[in-house]
Amino acid sequence: MTDSPDLGYRAAANAALAQIMRRRSADILAIESSCDETSAAVVRDGRTILSLKIASQIDIHVRYGGVVPEIASRMHMEAIDALVDAAVDEAGTTLCDVSAIAVTVGPGLVGALLVGVSHAKAMAWALRKPLVGVHHIEGHIASNYIAHPDLVPPFLCLIVSGGHTLLADVTDYGRYRVLGSTRDDAAGEAFDKGARILGLPYPGGVQIDRLARQGDPAAFDFPRAKLGEDALDFSFSGVKTALMQFVRKQPEGFAQEHIHDLAASYQQAIVDALVDRTAAACRAGGRSTVVLAGGVAANSRLRECLANALPTGTVLRYPPVSLCADNAAMIASAAWYRLMEGETAGLDINASPGLPFAET
Ligand code: KG4
Ligand code: ZN
């Protein structure tokens, strides 16, 4: 009798999964390569980082004013081997001793995702380890499980990144109800496009945050889109267009001269919309904990304004700035909760650039 076409992989991975579920413990090696950061990490039981390595490509993409997909894929390929080795070394373990392999399957840039997914599949197959495919947004949410060991669902979560803006009711680990989302640009995209209009380098969110600290948020009045009385959706394309038209009408040098006030006022328009919908969802849903996730969760004004707007007694949580951006530790954490449900992927999983959130 010959082995099945996967040469016994499925049976070996299932046996390893059964052992993890019995022990309720796992050191998960995860890879994240959805955009312009290659990252590898080992995380114990979804909550404790044993190692985290991140190779950022920003220094290269900044020359082009944004992420160039082909360059991103190539740089992921150059970085991934050494990064995985370094993460395993730093964790004080070996590839043979990690319990499972996790990887971001989407959404993101297809070529960039493929590098991580192919690498993870090859490792899982060679090592006979369970493989877990993770939705990038689920990873961002899980970064809070690492940052706050006492955080447990249910909670309300505002996910704000370069590609997504979502308000979700997190009813359990890996279980979500989407309450609102953006109808056009994501919040991070609005920050990046606004920064570009103001002549600031990519990625613009962090630049606007920094410059806004010395500016007046009421100096200029930019629109806050409201999409119906009770709507929890967002729209950021209008505020970006308003900034562009305003700057165009001004004399040359105006944006540079008023950069602090422009950054502060533009940022405030984005923050007000995010805070308005999140506070409304919190009041309506009655959750006592609100969580921020994604790259824009690093924004200091968003953190401050949301803390002031939430109903008394509501707890606000967000990851440290280092875990707001894309990283593999958050992917390992999300994978842990999938593994505990006995969920693993087959070797046929593929990169899914447009993976919808609800599908996971
Ligand atoms: O989550 P992330 O690292 O990548 C995606 O999944 O998209 O988010 C990146 C986004 C970028 O748009 C970046 O400008 C924004 O997060 N960002 C910020 C700040 N730090 C990063 N936006 C506002 N304020 C910040 N401090
Ligand atoms: Zn992200």
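Here are some worked exercises on the zinc site, salt bridges and helix packing of this structure.

This is a predicted model, where local features need pLDDT of at least 70, side-chain atom pairs count only at pLDDT 80 or more, and totals for chains, interfaces and linings use all residues. Residues are numbered from 1 along each chain as its sequence is written, chains are lettered from A and ligands numbered from 1 in the order in which they are written, and side-chain values use heavy atoms, with hydrogens and water left out.

**Exercise 1: the zinc site**

Find the protein donors of the zinc ion (ligand 2) and place them along the chain.

Step 1. Donors are N, O and S atoms within 2.8 Å of the metal (3.2 Å for Na, K and Ca); water is not among the atoms, so sites may look incomplete.

Step 2. Looking around the zinc ion (ligand 2), you get His136 (NE2), His140 (NE2) and Asp326 (OD), at 2.0 to 2.1 Å.

Step 3. Along the chain, the donors of the zinc ion are spaced H-x3-H-x185-D. Histidine 140 sits in helix H5 (residues 136-147), while aspartate 326 is in the loop between helix H12 (321-324) and helix H13 (328-340), so the pair links parts of the chain 186 residues apart. Helices here are DSSP runs of H or I with at least four residues, strands are runs of E with at least two, and both are numbered from the N terminus.

Step 4. Now check burial: buried means under 20% relative accessible area, exposed over 50%, and partly exposed in between (1.4 Å probe, protein chains only). Histidine 140 and aspartate 326 are both buried.

**Exercise 2: salt bridges**

Work through some of the salt bridges and say how accessible the partners are.

Step 1. Count a salt bridge when a side-chain nitrogen of Lys or Arg is within 4 Å of a carboxyl oxygen of Asp or Glu. The whole structure has 18 of them.

Step 2. Start with aspartate 169 and arginine 287, bridged at 2.8 Å, N to O. Aspartate 169 belongs to strand S7 (residues 165-172), and arginine 287 to the loop between helix H10 (259-285) and strand S9 (289-293), 118 residues apart. With 6% relative accessibility, aspartate 169 is buried, whereas arginine 287, at 26%, is partly exposed.

Step 3. Compare that with lysine 193 and glutamate 189, whose side chains meet at 3.0 Å, N to O. Both lie in helix H6 (residues 187-197), four residues apart, about one turn of the helix. Lysine 193 is partly exposed at 31%, and glutamate 189 is partly exposed at 25%.

Step 4. Next, arginine 224 bridges aspartate 221, with the closest N and O atoms 3.9 Å apart. Arginine 224 is partly exposed at 33%, but aspartate 221 is exposed at 74%.

Step 5. Finally, a network of salt bridges links Glu138, Arg175, Arg338 and Glu343.

**Exercise 3: two packed helices**

Describe how H6 packs on helix H7 (residues 204-212).

Step 1. Axes are lines fitted to C-alpha atoms, for helices over the stretch in contact, with angles from 0 to 180 degrees between N-to-C directions. The axes of H6 and H7 come within 7 Å and cross at roughly 70°.

Step 2. Angles of 65 to 115 degrees count as roughly perpendicular, under 35 as roughly parallel, over 145 as roughly antiparallel and the rest as oblique. H6 and H7 are therefore roughly perpendicular.

Step 3. Contact means heavy atoms within 4.5 Å. Phe191, Asp192, Gly194 and Ala195 in H6 meet Gly204, Gly205 and Ile208 in H7.
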